[in-house]
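Q: Please take a close look at a single strand in this model and at the sheet to which it belongs. A connected account of its surroundings would be welcome.

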Amino acid sequence: MKYFEAFGGNGYHSAFLTTYALSAQAFEDIPFPRLRGAGCRNITILADRGMTNASFSDFGPPRFAGTLYHVVKTSMPGAFHPKITLLVGEKKGRLLVGSANLTALGLGGNRELVADVPFTEEAPELVSLFGQAISYIQRHVPEGDPWFDTALKRALRHAPWLQNAIAETEDAGEGQPLFLCDQSEQTILDQIIAAVGDDPIHKLTILSPFWDERLEGLKQLRDAFGTPPTNILLQPPAGLFPVESLERFQDTQIFDVDASGSSRFSHAKLFIAHGAVWDHVISGSMNCSLPALLGQTTASGNAEAGIYKRVPRNTALAELKLEKHEDAPVCLADLPKREEREAQKTETEAVFDPGNFELREGCLFWDALTNGDSVPVEVQLFDRGEEHLLDVLEVDKDLTSQSWNIHLDSGRPRIARVLGEGGQLSAPASIVDLAVLSSSTLPAMRGRKRTIVDGLEELDHEDLMILEALNELETLDVPTQTENGAINSRTQNASSASEPQIVHQTLPYEAFVAARNRSQSDGATPLFLRTYGETPASLINGCLNRLVGLVSEDLSKDEEHALDQEGATDFRTTEPADGPEDDESANDTIEREAKLARRARVASTSKKYIQAISAFEQRTRNLSDAHITTAELVRLRVLLQVVLAGAMPIEGAPKPHQILPVSGKDGNDWPRLLGRLLQQHFGTIHALRKLQVEADESEHSRVLDYLATAQFASRAALEGALSDTGPMALRKPLAMLAKDLGSQIEGVIGSNQDDQNYLEALHKKLEDRFANALGLAGS
């Protein structure tokens, strides 16, 4: 099959890929649309840093890296050379290990060799290979990468079988395929020798496009098996074999791997050790060279990956359609000499490394991994495709890690370049935009959850429907007990009781803030985003942020639109109803009935507000002796914004959805309701003292959203009580509550300028949304 066809399969939600050479244009034109079109959205690529910089410099940066998928640049003393594609679904997986890079030639131009390993619940024998492959990929991710950890956790959350595979340390068993990779304690050659075991080898067949100049890799391989006769398969027109070094080898012959004279480059790598019992087949990314076979034990060792498989004796060549290769011998005199090979080589100029960039909460972080002889002086920020220069940032030459607060009004930067002191411009770097990436890579939601989220997106003001949505989403996310006592889930997100659960470390919020402030004062990058994003609290908090106009999780829609220009058409229509005849008595009757209906609707809705707040008070009392999570903060924020949206203005005519009076006899006045809500967290249990959070920055942002909303609601309640028509009895308790709330917020925020800026920005958004609607005075 064509290699790119492997990326169009259904049933996969995550993909982890490694490559030596990366062509962003080829990847985004061929595999990427296929993956996303089939529902695979959580995509991460690991690529060799030097090759990636060179590709981006020569052919331009990717359009969607950092927003719709993630690229990790990594390095080795020699080269990061493995070619792995790991596709992960809820109940199935596919592991592809071979020679094909993520380039146009690798995807459809070269002749490549790729091992294809499936996993299903009906055929789980090879699951250990998947665990070894994902652990290998994780091992090569540089420390401090802002997104890989989240991508992996998302994959594990939606594929419990992969979590089991990681825990599986045993190989599949005798005779089953093995995953080969570079290790510090065992070379790939050692692994091949161990896999072959005591089966005596009488012949070697080697297909490799690249070799070390002295053929030391070939020598090591032959010596390991007693220097058996060896057939070397080459593509003579490529002119890459060091023929002079073959003089010291006995019993070696060279054959043309493609006697048809095809112009397609043979990039496949293959070793076959022909034994007395088995044919031992090794394929993957490894050329027959010392850096590939001995890896980390050499000064310029490569990272490599391959698959070992044994098949019955004398069957491997036929299976690979190479059984007739001996019909095309190659004369050594016809191979290019060293001088000709040297003349074909082109020197690659070193590329100015731009380092790594990530955008988080309006702050741009830079890890300056620049070349030693290039002193950076400024960072230039561009939109997608480098069509417009958005900003120029001054660099402190003495710092290797820096950050800037940037204004996003003119656009979110997608590409960064670093300008050197001598005018040298770095390769372009994709900016990892965590706000967009966290949403765009979520698994596609289906069923009832999708319906709820669609309903949230259609809201134009806060409504009790948001609270109902939170309750239902939490119910859908909780495993339920079946009749036989087993744990099942109403969603595809939860695993069974026999499967290992993903445990997240939590800590008291005060400890989190202290650790965060220490890291910031030390100049370290703050804790990075690790949230799943599709949790009920995240979805609801994103909805609230959207309603107040704050940057939220639906940013990825712009990226999706750029990827797919076909907009959705809304075919729903609402036909106007036929009006009644122009009859004055009929009009009077309709008007009276409308007033009665409105009065009944207002009374019913007011009752629902009071019931929801009473239920929240009871819920808080039940949690008075327990730790709480940020989900409880989101619940309070929902109720506060719902009450603010439903509140009548202090002066002026209300809108139809504003039904809660400033003062009332039924206890439904909005200053009282806001006070009751705020009292629960800031007067009764002091929620922040009981709060347990995960060590991630998104949890902290959720706390700040909650604090800003509570602070605004406190001010609104007090101003409502102080108005001419407000409830006088509430003025003193609301003033005391506002003072206590302010003290608690001050204790949390302290002198952290980033937190103060974020709090002020959200407070301004709340002011814009509610102040005029409620008839409040200025800040």
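A: A residue counts as buried here when its relative accessible area is under 20%. The model is a predicted one. By that criterion, strand β9, which spans residues 230–234, is mostly covered, with five of its five residues buried. The cover extends to both faces of β9: Thr 230, Ile 232 and Leu 234 are buried on one side, and Asn 231 and Leu 233 are buried on the other.

The neighbours of β9 within the sheet may be taken in turn. Strand β8 (residues 201–207) pairs with β9 in the parallel sense, over four bridges. In this pairing, Ile 206 has Ile 232 of β9 as its bridge partner. Between the two strands the chain passes through helix α9 (residues 216–224), and the resulting β-α-β crossover from β8 to β9 is right-handed. Strand β10 (residues 252–256) also pairs with β9 in the parallel sense, here over five bridges. Ile 232 appears in this pairing as well, standing opposite Ile 254 of β10.

The wider setting is an open sheet of seven strands, ordered β7-β13-β12-β11-β8-β9-β10, in which the pairing is mixed. The edges are held by β7 (178–181) and β10; each has a single partner strand, so one side of each lacks a neighbour in the sheet. On average, and with direction ignored, neighbouring strands of this sheet are turned by 20° against each other.

An antiparallel pairing in this sheet is that of strand β12 (residues 278–284) with strand β13 (residues 305–312), which extends over seven bridges. Gly 284 has Gly 306 in β13 as its bridge partner. Helices also pack on the sheet. Helix α5 (residues 127–139) touches β7 and β13, and its direction makes about 15° with that of β7. Helix α8 (residues 188–196) touches β7, β8, β12 and β13, and its direction makes about 155° with that of β7. Among the strands touched by α8 is thus β8, the strand joined to β9 through α9.

To return to the strand itself, β9 has β8 and β10 beside it in the strand order, and it pairs in the parallel sense with β8 and with β10. Ile 232, buried on one face of β9, is the bridge partner of Ile 206 and stands opposite Ile 254.

Methods:
Residues numbered from 1 in each chain as written. Predicted model: local features only at pLDDT ≥ 70, side-chain atom pairs only at ≥ 80, totals over all residues. Heavy atoms only, no water. Buried < 20%, exposed > 50% of the residue type's maximum accessible area, 1.4 Å probe, protein only. Pairing = 2+ DSSP bridges. Right-handed = clockwise from strand over helix to strand, strands pointing away. Axes fitted to C-alpha atoms, helices over the stretch in contact; angles between N-to-C directions. Contact = heavy atoms within 4.5 Å.
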